[in-house]
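Please look through the structure below and follow the explanation with it in view. The text goes from one helix to its charged partners and then to the nonpolar interior.

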Amino acid sequence: MTAEISTRQEVLLLSDREVKDKTSSKTIMGVGEKKTYTLSYFNVRGRAEPIRMLFALAEVDYTDKRISHVDWPALKSATPFGQLPVLEVSGDNMKAPLTLSQTNSILRYLAREFGLDGRTSSDKVKVDMIVETMRDSINPITEIFNETDENKRNEVLFKYSEDLLPRFLNYLTENLSSEWFLDQVSLADAVIYVAFDNISMFLPDFLDRKSYWKLREWRSRFESHPKICEWLSIRPTTAY
């Protein structure tokens, strides 16, 4: 298993670009011990963006490895499930590097590591609910993005904007505690922000209804968070 993971690391290092996050380092293991992280994804925000935001919020260094679509076919078989993102974790106390796949699994792992998953069991399950809800909320956006027939795309978009999206937004409005969705900024805020970013590509005015004023204020507050503001200012500019 160790050799297999080691080989996988070497293959992924063949990607054409590595971007080092500019946040400061943070020790999260024992005294004097530090975990190292390598996040592999394409050069887009996509599914990796909430992961990058967790690193920014926690002020933890990581290697932001961005793989070109040209290089991806040769690297695909070296990943656990033939897909990205992949997070590799190593550290002094680990017998072998840890290789993680599946976006939400990576998000939950890092949120626990960084203390961004809530203080209580009630908070933690609330975060889990929001993570799963946001995944459901953007599935139609993925369908719309991939649809080449304009009439079908408009049909799906209209149904989404009139039915599913309002239900999600009403749920979020009711569950916005005060400044954040918990009593402190958390994984929930990161996944909601990225979901809103994806939705706005097709529905730029989706928060304009008067009843969504709390969500508009929350989005501005999250963008103004010092650690998120810094990340937004230095992240590579990509189409999506």
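Directly after helix H2 comes glutamate 59, which has a positive phi, near 55°. The model is a predicted one, and H2 is a useful place to start reading it. Helix H2 covers residues 49-58. How many residues of H2 are buried? The count is 10 of the 10, so the helix is largely enclosed by the rest of the structure. Among the buried residues are some with nonpolar side chains, including Ile51, Leu54 and Phe55, but Glu49 and Arg52 are buried as well.

Those two charged residues have partners. Side chains of opposite charge can pair when their charged atoms come close. Glutamate 49 forms a salt bridge with arginine 235, with a distance of 2.8 Å from N to O. Arginine 235 lies in the segment after helix H9 (226-234) while glutamate 49 is in H2, so the pair ties together parts that are 186 residues apart in sequence. Both arginine 235 and glutamate 49 are buried.

The second charged residue, arginine 52, makes a salt bridge with aspartate 64, and their closest N and O atoms are 3.2 Å apart. This pair links helix H2 to strand E3 (residues 63-67), across 12 residues of sequence. Arginine 52 and aspartate 64 are both buried. The two bridges belong to a network of salt bridges that links Glu49, Arg52, Asp64, Arg66 and Arg235.

In total, the structure holds 13 salt bridges. Another of them joins the side chains of arginine 108 and glutamate 132, at 2.6 Å from N to O. Here the connection runs between helix H4 (residues 103-114) and helix H5 (residues 121-146), with the two residues 24 apart in sequence. Are these two residues buried or partly exposed? Arginine 108 counts as partly exposed because its relative accessibility is 21%, and glutamate 132, at 23%, also counts as partly exposed. The cut-off for buried is under 20%.

The next topic is the nonpolar interior. In soluble globular proteins, nonpolar side chains tend to be buried together. In this model the largest nonpolar core has 66 residues, and Tyr37, Leu87, Leu110 and Phe196 have the most contacts inside it. Helix H7 (residues 187-200) gives the most to this core, with 10 residues.

Leucine 87 shows what such contacts look like. Beyond its neighbours within four places in sequence, leucine 87 is in contact with residues including Tyr37, Leu39, Leu98, Leu100, Ile106 and Leu110. Phe55 is also in contact with leucine 87, and Phe55 is one of the buried residues of H2.

Technical notes. Residues numbered from 1 in each chain as written. Predicted model: local features only at pLDDT ≥ 70, side-chain atom pairs only at ≥ 80, totals over all residues. Heavy atoms only, no water. Salt bridge = Lys/Arg side-chain N within 4 Å of Asp/Glu carboxyl O. Helix = DSSP H or I, 4+ residues; strand = E, 2+ residues; numbered from the N terminus. Buried < 20%, exposed > 50% of the residue type's maximum accessible area, 1.4 Å probe, protein only. Core = buried A, V, L, I, M, F, W, Y, C linked by side-chain atoms within 4.5 Å. Contact = heavy atoms within 4.5 Å.
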